[in-house]
Amino acid sequence: MHVVWLFLYPIVALVVGVLFLGLSRKVMARMHWRYGPPILQPVIDIIRLFSQRSASHGRLFDLGIVLSLAGSLIIVLFLPFGDVAPLSGSGGLLVILYMMLLGPLGIALSAGESANPNASIGISRKLMLAIGYELPLLLVLLAFMSRYNTISIVEVVRLQRATGWSIASFPLVVSGVAYLLILPAILAIRPFELVQAPQEISSGPMVEYGGSYLALAKVQHALSMFIGISLSVNLLFGGASHPLIFLLKMLVILMLGLFVNAAFPRLRIEQAIRYLWRWPSLIGLVGLVLAVVIGR
Amino acid sequence: MRELELYFGPQHLGMVGNFSITLKVEGDRVVKADANPGYLHRGFEKLMEQRSWIKNFPMVCRINVVEPDSMELAYATAVESLAGIEVPERAQFIRSIYLELARVGSHLFGLWAYSNMLGFDTAAQWAMYHRDLVLDLFEELTGGRVYHIYIWPGGVRRDFPEGFEKRLVETLHSIGGCVPDYDACFFDNRLFYDRAAGIGKITREEAMEMGGTGQALRATGVPYDVRKIEPYAAYDKVPWEVPTREDGDAFSRIWVVRDEMIESVHMIFKLLDEMPKGDVYNRIPNPFKWRIPEGETYVRCESSRGELGLYLVSDGGDKPYRVHFRTPSYPHGLTILEKALVGESISDVGNIMISLYVVAPEIDR
Amino acid sequence: MDRALIDSLSSTFDALRVEVPREDRLTVQAPRDAVMSVLSFLKGRGYDHLHMVSCVDWMEEGQFELVYVLSAYGTGQDSASNPGEEIILKTRIPRELPTVVSSISLFKNAEPYEREIHELFGVRFEGHPRLTPLFLERDYEIPPFRKDFDTRQYVEDFFGSIPPVGEEDQDV
Amino acid sequence: MDRNQLVKWLKAPAKMGHKYSLHAVYFCTGCGIIEVPPSITARWDAERFGVLPTATPRQANLFLITGYVSVKTLRAIIRTYEQMPEPKYTVGFGSCPINGGMYWDSYNTIKHLDRYIPIDGWIAGCMPRPEAIFVAVTHLWTLIDKDMADGYKRYRKHYAAYRANQEKVLRGLDWPPLFPVEEQ
Amino acid sequence: MTVELLLGVALGGALLTYVLGKISPGLRNAFALLNALALVVMISLLYGQSFERALPLGFLGLELSVRMNMLSWFFAVTILGIGLLSVIYSLVYMRNKERLDYYYATLLFINASMLGTVVAGDLLSFFVFWEMMSWSTYLLISLRGGSKAIFAGIKYIVMSLIGSLTMLVAIVSLYVSFDTLSITELAGHVQSTTMGQALFVLVLFSVTFVIINALWPFHTWLPDAHAEAVSPFSAILSAVLVRKGLYGLYLLMYAMLGFSMLGKLAWGALSYSNVLAWIGAITIVFAAFRALMQNDSKRILAWSTVGQGGYMVLGVSVATNLGMAGGTFHILNHCIYIALLFFVAGAIEYRTGGIRDLDSLGGLIKRMPVAFVGGLVGICGLIGVPLTNGFVSKWLIYKSLVLEGRPFLAFAAFLGTWGTILYGYKFIHNIFLGQLPDRFRDVKGIPFTMAVPIVILTVLIFLFGVLPGIPLSVVDQVGTYLGFESLNVSIWGIPSETGTLNVVNLLAALAVAGFIVWLVLRAIGRSVSVDQDDTYAAGAAIPSGKYHYTVGFYSPLYRIVGPYVRDFVDAFFLKIAGWTGSVCGVTRKIYTGFVGNYVMYIILFLAALIFVQIAWSPW
């Protein structure tokens, strides 16, 4: 069973991520008073993209995108999905945190190779945004790690079975709020959709991606959405014992994110960093102090 | 130190219209901006010299696709003033209503462009939907969605159809009923303020020095509006206000646009109440043999983007001798924009451009 | 139109022809050398809004006529100028050697207008910082807005000479 | 999805993918662009048909040339078209790219766009309504089905002639040929 | 094989190199290479040995001794390994430069003296070698000449002298109390000393070691020195010389004072290791953001050296076997990747005609692929991307910090890592990616002898990243030597209850996923190669040579953090230096250098003495 899940789980994540992408397009369309595309539209797009003859800017252009997608695919293996967590024995939260770096790094290398300043600006925004939300995120994760005294995410989920959802337990609720405040930045939705910002820098890192590269980048985007949401379900909402319940929780968070996405314009990168380093970080700090003090 | 040159447009999702800005960039700051127009240059004024007076009506509206109606008005007034044609009063009222409707449509288009630029899809989609309702009215009135060719020397082409006034009022009410929604979602949105306040700031002196009109000037506190200072059509028949704001940044400009839209809608209601009965056009001589006496004129009117002027010269022939449009986007897009962009962030290039409401076709002509 | 303005205009400058075609309009015909001083005089009198700079090609007379349209913003405290009035300042320059002093130092927005006139009529503006092409991609032998440029002939000659491509497999 | 569709999907997924995911490169070449925002927004919603504007030519497979093409724009159009990945489809929107339209005697607009880049279909009218875009899209679907939307193949086949025309109008292009130009 | 022989070969080799250089440059190069190689072979033969031996020569009645144990061996191996690579690298890099005899001799001499510090068995020889190291380093920093290099050298030597003096005071104090300088003997005696003296000695020694380890607030010499030195020497400086400070801390904290004494020296939260840890944390964050602001390739690396020192100190000061292993392993890792990065930066400098300004480069991946791979892997190691060696050591440090209940320190460490990602990517992007400027179109690849060290180090980073068990077993022996519990290490990582690490699983998963994705890309996707000029520019042809985003790569971030990360300490020190300078100026007015004046001063002084004696007769 273990081995089967090892191969099945990334595929499930991929399918769910792509479906979420389609679903979010549909839901956004309804909020715009539109009919919206079919839910399977991303699949059609990906099929179309794979059949196009794309332009390649060199070997690193190819390898970067492969690294990015592969990196995202294997983080999934470290994240509990219901009771399934095939590789969680090989590393915990710290590894996940570091592996989440491979996706952007791959895209960054690949886009950098395309010799387009729009892509470079997009990457620099991505990295700045990352350091923007990493600061509160680290405070939040450290609060969790200190509270549960483990760096294994499976343990975190298991302990929540006993104590209830983290978001509903006292010292961690503060960190939970901070986490929810930065979740849009992690998912790169508006008001933090400034990495691609098509109206400003022509879709940023994606600017030279066409055909199969864009398809892989889209899949990677879907996966990173899956990872972001799944991480928050595991950390805040107690994970789930059954994959279906887990999916349901993810869906709820996705919907919340879409409402935020529909209601805000995009920020400038400076404002985004200022915001992230102000309230979420402060709340995260309070949460960490509380977790350390009460945890003792 | 390597210089970085970025092209904003013509093929760019943030560029509304076929226009290009060459940006010299350091970090994410614009050091120097060069407007690069001409992608839409068709030599309009030359072409109009080749066509007879009446054939130029379909031509003239195509100068600006976003709001063709003020172009029609400017040309019609110029021709009327050269040929000495009077316009019946009902036609004046209809022209005003028609122009204000066009202004609402044009501002809604601008609102779409602006909110789309900021990544604000929801408000953008609403604005475009409401503009379409306005276009439906135009279609009913004139038969065309975009190009109407409705204003005619000596009046307008046809009277309001049966029940049009009622539908006009209903549509405007349904759009006006959404103003609180727009406010809640967009205009009062804190992030809109964050993105737009202090961006692309031009002072009153700079705006006047560089020939700014329209919202670009009104956002700096000058109530300069051709409709007030040299009233044409029926604008002196009803009371109305010129909305202004003081700061001269993108935020003020967009708020001026919003207030103007509301003011226009109110003005339409007032005009409808006051509208007299009667003819809507005076007969003109046989248009195919129409010669206009020698002379020159300069007329101006207030388009949705600012002051529109037309310098028209006739040598007594059946064609204009020289036509030259003073389009509002011309100083906005070529002089003020270059100034306003310097020192701003790359993120705000489109923001500033659309808040100045630069419409490329009327620059290039 | 303000009578005092007309009087002071004709008293300050000699060779001006001032007409009042309409109640709210003033047409001033000035010699080429006086343009800048008249413009600066008018700007000092509150006419601080340059609407446009235009050019008319009077081919038969062998002259270009440059047209400056001015009005007032009406914000200055001391100016008695009414923003509803326009002043049209005209000057004639020979068609052979069309040069005139640039008015950018007085009105910044004259820059693109003069650039455009330079491109479309071939008028040179002295002291203009960038008389680079504004609109056109190709260069034409005769600047296209001159009356002797026949655009229909040009279109027939030039665009007519470009052959269609791949006609033979269009009807597949 | 009915059975026929399913069979088609299984037989030729690439073709079907292209049909239902026509991403148009966003380029306001002329005044026709005024009808593109309505057709991609709430009233008409082109996304139902899978039509979306994209930021860069690399991501697109449909080039909607909206309205008259001036000489300066032609350069940008050729550059954009050449950067689109194959297969790619072009649709001329409005009368002007077909034969010059009302600018037939303008010295600065291109009269027959298909002499510079291959066009797969035209939408006539000035201004065509948004519905016309959908008619064009559905028509393009049938063309794709019948393998008749072969503009990109024609471009490859007659590249030398296209390039010659382009260079004649633009007085030389500042990028190297897309395909090796052979002697004909 | 004995340590004496090792030291003799090292020192003698340095001298002989100088002499041979006078005969023939080729001979000199060959000998320098052989010497470095021989030293590496000799030290690898010494693996696992542990002894201490008195040297036959004494000094003022003190007994000098050398010793060898796991700690010394660990440091000696890094010194000699990097020394060898650096010599190989220098063969081409330094060709056609002046004063090469001097350069090679000093380089080998520095290596020898560093070796001396780690094998010294008593504090006197430790001090002597330390001084030799400081002075010869000063000579090499200023090798290039020019005001910048001289300034950097003086900055270094002044700070280094302050460190030496405090150390000398501490050594004298120890000798006065215990009448011995042998480290092993001292370790026994110190346990019985008073708290006051222990603290005194601890603080004085720490100042020395913190200065040489370039921890905040004594980091200011490092960025200048590293940037101005020639690249092969920058590598030595950054990879091993700086870490002598950590060797000293190991010696001081664990070999001499020991846990019990350190434990006694704590007052509540204000314990020695806590203070040290916080200094480390501040160093990490501060250096990360400082590095972010730099635009000089070597200066970025120099600041990263400062920051990485903070990680090691964090690991060491946690004082659990996990943290200790992390810190020690990080020393090794850092020495590998920072040497690699300096070699890469040097290669770029070599091929582009001395350009280190990150704003002017770009697109070099097409011309120097080997340098790119080296640079990328080095940066990945620096960041700690999984499957590189840096990841494992950082993981150990983080984990120990989290589990020891020090989340704020862990936070600083994490934040520093994210800063590292930003400047690391900037380094890669601005040099290698983007548009290749026209003037670099004809740049050639790296010469063979410069490529060899780069390739070796690249392979090592991967090897230690995938099979961390190999170096960790050595690191663990260092830990056990210092008295820590043995770590549970397997070849692929660290199994434990509170969170395991299994790098091989990670590698396998990544490899399989990558292979599948690559297959998909190859099998389904079709692509055509295009030139770098064929890229999106909004419908226009790209502006040649002006289409690379380099200047102000993170300018929004600079604007936010810029005002807060100014180097106040450096400014403060420079101000002090300025004051000192003016004071010296006054002195110089008195000491004019004329003999007559001095004679007059002496006569005046004697006259004053005589007058005092006559008047009050105090003595």
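The following paragraphs describe chain C, the sheet of chain D, and the contacts between chains in a predicted model.

It is convenient to begin with chain C taken alone. This chain carries 4 helices and 7 strands, and read from the N terminus its elements follow the order α-β-β-α-β-β-β-β-α-β-α. Its radius of gyration is 21 Å, whereas a compact globule of 172 residues would come near 16 Å. The extents of the C-alpha trace along the principal axes of chain C are about 75 × 35 × 35 Å. Of the 172 residues in chain C, 37% are buried. Among the contacts in chain C with a separation of 6 or more, 52% link residues 24 or more positions apart.

Chain D offers a sheet that can be followed strand by strand. Here 5 strands make an open sheet with parallel pairing, in the order β2-β1-β3-β4-β5. The edges are taken by β2 (52–54) and β5 (121–123) of chain D; each has a single partner strand, so one side of each is left without a neighbour in the sheet. On average, and with direction ignored, neighbouring strands of this sheet are turned by 35 degrees against each other. As a general point, the strands of a sheet pair through backbone hydrogen bonds, in either a parallel or an antiparallel way.

Strand β3 of chain D, residues 62–66, is a good place to look more closely. On one side, β3 pairs with β1 (residues 23–25) of chain D in the parallel sense over 2 bridges. Within this pairing, D:A24 has D:L62 as its bridge partner, and D:V25 stands opposite D:F63. The pairing of β3(D) with β4(D) is also in the parallel sense, and it runs over 5 bridges; here D:T66 is set opposite D:F93 of β4(D).

How are the residues of β3(D) placed with respect to burial? The strand is mostly covered, with 5 of its 5 residues buried. In a regular strand, side chains alternate between the two faces of the sheet. In β3(D), D:L62, D:L64 and D:T66 point one way while D:F63 and D:I65 point the other way, and all of them are buried.

Helices accompany these strands. Together with helix α4 (residues 71–83) of chain D, β3(D) and β4(D) form a right-handed β-α-β unit. Further along, helix α6 (residues 130–145) of chain D lies across β4 (89–93) and β5 of chain D, and its direction makes an angle of about 165 degrees with β5(D).

Attention now turns to the contacts between chains. There are 8 pairs of chains in contact, and among these chains A and E share the most contacts. In this pair, 65 residues of chain A meet 58 residues of chain E. On the side of chain A that touches chain E, two or more residues come from each of β1 (53–56), α3 (59–78), α4 (93–99), α5 (102–113), α6 (117–148), α10 (211–236) and α12 (269–295) of chain A. The element giving the most is α6(A), with 16 residues. By class, this side of chain A comprises 38 nonpolar, 20 polar and 7 charged residues.

Strand pairing also reaches across the boundary between chains A and E. In particular, β1(A) and strand β5 (residues 526–529) of chain E pair in the parallel sense over 4 bridges. One of the facing pairs puts A:S54 opposite E:S527 in β5(E).

For chains B and C, the contact takes 25 residues from chain C and 25 residues from chain B. On the side of chain C, the elements giving two or more residues are β3 (49–58), β4 (63–71), β5 (86–94) and α3 (110–121) of chain C. The largest share, 6 residues, comes from β3(C). The residues on this side of chain C divide into 14 nonpolar, 7 polar and 4 charged.

Two other pairings of chain C show no contact. Chain C and chain E do not touch, and their nearest C-alpha atoms are 13 Å apart. No contact joins chain A and chain C either, with 23 Å between their closest C-alpha atoms.

Conventions: Residues are numbered from 1 along each chain as its sequence is written. Chains are lettered from A and ligands numbered from 1 in the order in which they are written. This is a predicted model: local features need pLDDT of at least 70, side-chain atom pairs count only at pLDDT 80 or more; totals for chains, interfaces and linings use all residues. The radius of gyration is taken over C-alpha atoms; the globule rule is 2.2 Å times the number of residues to the power 0.38. A residue is buried if 20 or more other C-beta atoms lie within 10 Å of its own, exposed if 12 or fewer, and partly exposed in between; C-beta atoms are placed from the backbone. Two residues are in contact if their C-beta atoms, placed from the backbone, lie within 7 Å. Two strands pair if DSSP finds at least two bridges between them. Axes are lines fitted to C-alpha atoms, for helices over the stretch in contact, and angles run from 0 to 180 degrees between N-to-C directions. Ala, Val, Leu, Ile, Met, Phe, Trp, Tyr, Cys and Pro count as nonpolar, Asp, Glu, Lys and Arg as charged, and the others, Gly among them, as polar. A crossover is right-handed if, with the strands pointing away from the viewer, the path from the first strand over the helix to the second runs clockwise.
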